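The following exchange asks how descriptive terms are justified from a structure. Please keep the sequence and the model in view while reading.

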Amino acid sequence: MNTVGTRIKLTLTGASHAPSVGFILCGLPKGLSVDLDGVMTDLARRSAKNHSFATKRREADDFVIASGIMGGVTDGGPIRVSFPNREHLRSEYRLIARPSHADYAAFVKSGGREDISGGGKYSGRMTLPLTFAGSLCRGFLKEKGVEVFGHVAAIGSAADAPFDPMMTEKPALDTFFPLVDPSKRAEMEAALLEAHAAGDTLSCEAETAVLGLPAGFGEPLFDGLEGTLAKYLFMIPGLRALEFGEIAERGSLMNDGFTWDGRTVTNNSRGINGGMANGMPVMFRARFRPVPSVKLPQTGYDLLENRPVPLEICGRHDVCILPRGLAAVEAAACLALTDLWLMGEANENG
Ligand SMILES: Cc1cc2nc3c(=O)[nH]c(=O)nc-3n(C[C@H](O)[C@H](O)[C@H](O)COP(=O)(O)O)c2cc1C
């Protein structure tokens, strides 16, 4: 159904090479001011235009708000936004399933009825509507005093310094290439350049922090913080692993002792116990596979003739999902946290 959510409902529409991509978001309360400049910044962070080593498919990412926002304020009804696809080159793609893409599984699932060109609805392009919808939820959370931000924790084997788990001081982060230690950028860009020259791609990792969640935030058992975040985050293509908290070999090395006010001396749990926020900063790490479209010779699968075929991908592709994918990670987190916030309110009101 391409739909997620309990108290909000997000449906993503369209596909990589369809006339448009878009979303319908139901459940955001009426009267929420929409910070369109903030939304535009999040879209710009995701846009390939603002990143070296990103796909040469340069979409304008212009959009049409069809409903749900009037005079910069939500009206409580379904918010519907669409983004025309202008830059797709359908002729570049034949019915050949590319290794480690969703092409083969999607073709079989739909009985060949789905448009899988450019990755169809499994393409990174779908993170555009996700980012817009998430940015609206960022505004909702901001009104509650909750902030979500991340950094590029690693590209290939080049690693940034981690967030301070206690977040004693919020680091100053660049808009487009946020790093805790900006001196690591040169090493990361050298790795991207080297992989690009070799026709290859790189894995990467994002670390995200959430500040301002009250202790007890998150619903018991099945709608806990980790599970709800995972449900939204795993929509992002290429995401392979989420990590919440440290895992040391011995409990004695990782338990977080209390101070007098219910806070803890350390934050090895990264703010989550029992699926609920414990009042400390919440942090999680998201690990992405290398982009599957490498430019080296591979074996694809001809879906019409049912046979493996030699394949060389020469389309326009990202070398790495980060930094641009970070806007999508934060967006998915904002959507999940908004859904949980509204679930909590509904449960409290009986
Ligand atoms: C922002 C973003 C951009 C992406 N760009 C590309 C790309 O240019 N080329 C590519 O092959 N995969 C790209 N991907 C990843 C693929 O879409 C993804 O690996 C593929 O759909 C298979 O999904 P899976 O890895 O989750 O199984 C991108 C993903 C994201 C989130």
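Q: Which residue in S15 does glutamate 243 stand opposite?

A: Glutamate 243 stands opposite arginine 285 in S15. The model is a predicted one, in which local features need pLDDT of at least 70 and side-chain atom pairs count only at pLDDT 80 or more, while totals for chains, interfaces and linings use all residues. Residues are numbered from 1 along each chain as its sequence is written, and side-chain values use heavy atoms, with hydrogens and water left out.

Q: How do you know that S12 and S15 pair?

A: Two strands pair if DSSP finds at least two bridges between them. S12 and S15 are joined by 5 bridges and run antiparallel, so the definition is met.

Q: What makes S11 a partner of both S9 and S15?

A: Strand S9 (residues 147-155) and strand S11 (residues 204-211) are antiparallel and share 8 bridges; in one of the residue pairs, phenylalanine 149 has alanine 209 in S11 as its bridge partner. S11 and S15 are likewise antiparallel, with 7 bridges, and the bridge partner of cysteine 204 in S15 is phenylalanine 288.

Q: Why are S10 and S12 called edge strands?

A: The open sheet has 5 strands in the order S10-S9-S11-S15-S12, with antiparallel pairing. Strand S10 (158-159) and strand S12 (239-244) each pair on one side only, and they are the edge strands.

Q: What makes S15 largely enclosed?

A: A residue is buried under 20% relative accessible area, exposed over 50%, and partly exposed in between (1.4 Å probe, protein chains only). In S15, 5 of the 7 residues are buried, so the strand is largely enclosed by the rest of the structure.

Q: Which strands does helix H7 touch?

A: Helix H7 (residues 326-348) packs on the sheet and touches S9, S11 and strand S15 (282-288). Contact means heavy atoms within 4.5 Å. The direction of H7 makes about 145 degrees with that of S9; angles run from 0 to 180 degrees between N-to-C directions, and axes are lines fitted to C-alpha atoms, for helices over the stretch in contact.

Q: Why is the link between arginine 86 and aspartate 62 called a salt bridge?

A: A salt bridge needs a side-chain nitrogen of Lys or Arg within 4 Å of a carboxyl oxygen of Asp or Glu. For arginine 86 and aspartate 62 the N to O value is 2.8 Å, so the criterion is satisfied. Arginine 86 lies in the loop between strand S7 (79-84) and strand S8 (96-97), and aspartate 62 in the loop between helix H1 (36-46) and strand S4 (64-67), so the pair ties together parts 24 residues apart in sequence. Arginine 86 is exposed at 52%, whereas aspartate 62 is partly exposed at 31%.

Q: Are the partners in the salt bridge of glutamate 59 and arginine 57 buried or exposed?

A: Both glutamate 59 and arginine 57 are buried. Their side chains meet at 2.9 Å, N to O.

Q: How do you know that the protein chain is as compact as a globular protein of its length?

A: The protein chain has 7 helices and 17 strands; these are DSSP runs numbered from the N terminus, helices (H or I) having at least four residues and strands (E) at least two. The radius of gyration is 21 Å, close to the 20 Å of the globule rule for 350 residues, so the protein chain is as compact as a globular protein of that length. The radius is taken over C-alpha atoms, and the rule is 2.2 Å times the number of residues to the power 0.38.
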